[in-house]
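Work through the exercises below with the model open. Try each task before reading its solution.

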Amino acid sequence: MKFRVNRDVLADAVAWVARALPSRPTLPVLSGLLLEADEEDLVISAFDYDVSARVSIEAVVAEPGRALIPGRILAEITRSLPGEAVEVVTDASEAVLTCGSAEFGLLTMPVEDFPALPQMPPRIGAVGGGIFATAVGQVAPAASRDESLPMLTGIRVDIFGEGVTMAATDRYRIAAREFGWRPERPDVTAAAMVPARVLVDVARSLRGGEVSMALGDGIAGFESVGRSTTVRLLDEQFIDYRSRLTDDWSIRADVRTAPFIDAIKRVALVAERNTAVRLSFEQGQVLIQAGGGDIGRGTEVVEAELSGDDLQIAFQSQFLLDGLSGVETEFVRLNMESPSRPALITEVPGDAAPAFRYLVMSLRLT
């Protein structure tokens with residue numbers, strides 16, 4: 001195999017695919033990146049039996065071929081190369097990479113031992129990359145990091161015709177976001193549990209252009225601008241999140257989103273880890289309080305429009321901030337019932353139903 005390629009294009013492609021490399025590969029070959037050169041393109045792939053990543057880039061190919069190269073060291077090398085064209089030549093068990101006066105010889109791994117990548121399942125629809133990335137960013141913070149409960153580490157994707165809902169929960173909060181997309185069939189319905197970490201990586205890297213989604217045989221696929229990812233789905237079991245997000249609320253407070261977030265961040269500086277931030281709502285304002293322990297205390301007042309009775313309620317500061325940070329409108333609405341019940345955070349979009357909803361448990365006032 002012999003090809004020549006732009007340094008920046010190669011470094012970007014290798015870095016993106018290397019994100020899918022397992023941190024503890026079960027087989028040595030799974031730590032490698034598969035390079036396949038044909039007459040016009042270079043395809044770089046990674047696969048660990050759960051997640052695959054594949055990117056195609058333009059290259060001047062003198063000799064087509066395949067090679068399996070240690071992935072992480074290849075990513076480090078390509079990132080550090082000078083800004084000149086890169087030439088890669090394989091000879092027996094070595095891949096020689098040359099860029100300007102720099103040259104590296106990397107031992108290759110047996111390409112025949114690398115597992116075959118799964119085929120992309122049937123495409124079911126597409127959405128703009130910006131919308132997709134925003135939706136994932138809004139719901140992913142609510143997904144659990146506890147691998148002992150796999151269901152809670154995923155993002156639920158529900159598809160009903162031209163509408164998609166993403167939802168996640170770690171038992172302490174629920175985040176859900178609805179958005180429109182372009183389905184392949186107007187009557188399509190589907191549900192899938194996608195590992196949150198994979199969706200986050202996809203959202204970060206596939207922002208450009210349009211993201212197409214594919215489903216089938218326990219696999220989800222995402223593709224955009226020459227980059228594709230497949231992932232094995234989690235068990236479809238999930239909570240009935242919709243019923244928990246449609247309660248009646250007797251107390252409602254509308255607050256300017258940005259000043260509210262900034263104030264909570266400042267006051268929370270004196271809050272010890274996992275302690276509460278207290279919100280005291282009354283007509284015209286909300287008093288934010290935290291601390292009082294070994295570090296000190298902080299308070300700040302922010303304007304608020306209150307509908308209903310005055311209320312004091314407390315939350316874990318980071319859980320509260322995760323919900324507020326998902327709000328894209330100028331004002332955020334906190335729907336509440338009592339100090340001991342969860343609160344529902346929504347956007348304030350006027351007459352339309354809010355696209356983003358975030359239910360967060362309250363903490364006991366002390």
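**Exercise 1.** Which residue in strand 9 does Leu 97 stand opposite?

Solution. This is a predicted model: local features need pLDDT of at least 70, side-chain atom pairs count only at pLDDT 80 or more, and totals for chains, interfaces and linings use all residues. Residues are numbered from 1 along each chain as its sequence is written, and side-chain values use heavy atoms, leaving out hydrogens and water.
- Find strand 8, residues 94-99 (strands are DSSP E runs of at least two residues, helices H or I runs of at least four, both numbered from the N terminus).
- Six bridges join strand 8 to strand 9, and the two run antiparallel.
- Leu 97 faces Phe 104 in strand 9.

**Exercise 2.** Place strand 9 in its sheet.

Solution.
- Five strands make an open, antiparallel sheet, ordered 5-1-7-8-9 (strands pair if DSSP finds at least two bridges between them).
- Strand 9 (102-107) is an edge strand, as is strand 5 (60-63); each pairs on one side only.
- From one strand to the next, the twist averages 15 degrees (axes are lines fitted to C-alpha atoms, for helices over the stretch in contact; angles run from 0 to 180 degrees between N-to-C directions).
- Helix 2 (residues 71-80) packs on the sheet and touches strand 8 and strand 9 (contact: heavy atoms within 4.5 Å).
- The direction of helix 2 makes about 175 degrees with that of strand 9.

**Exercise 3.** Is Ser 317 buried or exposed?

Solution.
- Locate Ser 317 in helix 7 (residues 317-325).
- Its relative accessibility is 14%, so Ser 317 counts as buried (under 20% relative accessible area; exposed is over 50%, partly exposed in between; 1.4 Å probe, protein chains only).
- Leaving aside residues up to four places away in sequence, Ser 317 touches Ala 268, Thr 275 and Val 277.
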